[in-house]
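Here is a quick tour of a protein model, written for someone who likes to click through residues while reading. Have a look at the fold, then follow along.

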Amino acid sequence: MLRYLLSACLCVPAALGATAEPADRLPQPDYESRPGDPPWLARAVQFHGHLGPWVVAGARFGMAGLRAVGAKGYFDIEVTCEGPFAQPPRACFLDGLQVATGATLGKRALHWVQAERITVRFRNTKTGRTATLRPAPALVGLLGSLKMERLDAAKPATGQKAAHGELESVARRIASMPEQDVVTTETGT
């Protein structure tokens, strides 16, 4: 009898046309991968929620910074980021840094300081090796060409498909740019 009741209860959602979603699932980002997208792009979007130029720029900085200091990420890296990141869309840069380095605000391995210009300092906490990264002129030009009104209008929930598609196109362009067009790197000790 108990088996019959359990099977009847489990079939009710399907019979009503509802699909049961597991309670322990991650949120679903607003992203459709395309051929040519680098594998890391899906991870950045899963963390951030959608594909945008600033999160991709932050991820590119993070990956370049890890290489520059010879760090693996998560627990051997400390990142200090200066920049105009008080609010989105520019603040999305910080999400890109977090996902690409594993240095997070929660672990206190990512520090942010408000500034007019972007400067990101990386330190390998095991070796002491440091590097300072700044945006390359090509990236500055590309991000500077984006109008803030278009960025605000393109939030996925607003349904502004054309502007949103344009921003995704710019994000994919940043993802595929040669590293020297994204960052300039000064290594320390």
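Where does Thr104 lie? In this predicted model, Thr104 is in the loop between H4 and S2. Leaving out residues up to four places away in sequence, Thr104 touches Gln98, Ala109 and Leu110. The C-alpha atoms of Thr104 and Phe75 are 9.9 Å apart, with their positions 29 residues apart along the chain.

**The whole chain**

Let's zoom out for a moment. The protein chain holds 8 helices and 5 strands. Reading from the N terminus, the order of elements is α-α-α-β-α-β-β-β-α-α-α-α-β. Of its 189 residues, 40% are buried. If you take contacts between residues at least 6 apart in sequence, 73% of them join residues at least 24 apart.

**Helix H4 and its surroundings**

Back to the helix that comes ahead of that loop. Of the 10 residues of H4, 8 are buried, so this helix is largely enclosed by the rest of the structure. Those buried positions are Cys92, Phe93, Leu94, Gly96, Leu97, Gln98, Ala100 and Thr101. What do the buried residues of H4 pack against? Their partners are H2, H3, S1, S2 and strand S3 (119-124).

Thr101 is a good residue to click on. Thr101 sits in helix H4 and counts as buried, at 2% relative accessibility. Setting aside neighbours within four places in sequence, Thr101 is in contact with Gly62, Leu66, Gly73, Tyr74, Ile77, Val79 and Phe122.

Ala100 has a partner in another helix. Met63, which lies in helix H3, touches Trp40 and Ala100 once residues up to four places away in sequence are left out. The C-alpha atoms of Met63 and Ala100 are separated by 5.6 Å, although the two residues are 37 apart along the chain.

**How H2 meets H4**

Now for the helix pair. Two packed helices are described by the angle between their axes and the distance between the axes. For helix H2 (residues 39-48) and helix H4 (residues 92-101), the axes come within 9 Å and cross at roughly 125°. That angle makes H2 oblique to H4, and the crossing of H2 and H4 is right-handed. On the H2 side the contact is made by Arg43, Ala44, Phe47 and His48, while H4 brings Cys92, Asp95, Gln98 and Val99. Sorted by character, the residues of this contact between H2 and H4 come out as 4 nonpolar, 2 polar and 2 charged.

An α-helix has 3.6 residues a turn, so residues three or four places apart point the same way. That is handy to keep in mind when you look along the two helices.

**Cysteines**

How many disulfides does the model have? With sulfur atoms within 2.5 Å as the cut-off, the count comes to 0 disulfides. Cys81 is buried, with a relative accessible area of 0%. Cys92, with a relative accessible area of 12%, is buried too.

**Backbone oddities**

A few spots deserve a look if you care about backbone torsions. Here they are side by side.

| Residue | Backbone angle | Location |
|---|---|---|
| Tyr74 | phi about 70° | loop between helix H3 (53-69) and S1 |
| Gly102 | phi about 80° | just after H4 |
| Arg108 | phi near 65° | loop between H4 and strand S2 (110-114) |

Tyr74 has its positive phi although it is not a glycine, and Arg108 is likewise a residue other than glycine with a positive phi. Are these side by side with the solvent or tucked away, that is, is Tyr74 buried, exposed or partly exposed? Tyr74 is partly exposed, with a relative accessible area of 43%. Arg108 is exposed, at 62% relative accessible area. Remember that Tyr74 is also among the residues in contact with the buried Thr101.

One more spot concerns omega. Which form does the peptide bond from Pro88 to Pro89 take, cis or trans? This peptide bond is cis, with omega near 5°. Pro89 is found in the loop between strand S1 (77-83) and H4.

Terms used. Residues are numbered from 1 along each chain as its sequence is written. This is a predicted model: local features need pLDDT of at least 70, side-chain atom pairs count only at pLDDT 80 or more; totals for chains, interfaces and linings use all residues. Side-chain values use heavy atoms; hydrogens and water are left out. Axes are lines fitted to C-alpha atoms, for helices over the stretch in contact, and angles run from 0 to 180 degrees between N-to-C directions. Helices (H or I, at least four residues) and strands (E, at least two) are DSSP runs, numbered from the N terminus. Angles under 35 degrees count as roughly parallel, over 145 as roughly antiparallel, 65 to 115 as roughly perpendicular and the rest as oblique. A crossing is left-handed if the near helix is turned anticlockwise from the far one by less than a right angle, and right-handed if clockwise. Contact means heavy atoms within 4.5 Å. Ala, Val, Leu, Ile, Met, Phe, Trp, Tyr, Cys and Pro count as nonpolar, Asp, Glu, Lys and Arg as charged, and the others, Gly among them, as polar. Buried means under 20% relative accessible area, exposed over 50%, partly exposed in between (1.4 Å probe, protein chains only).
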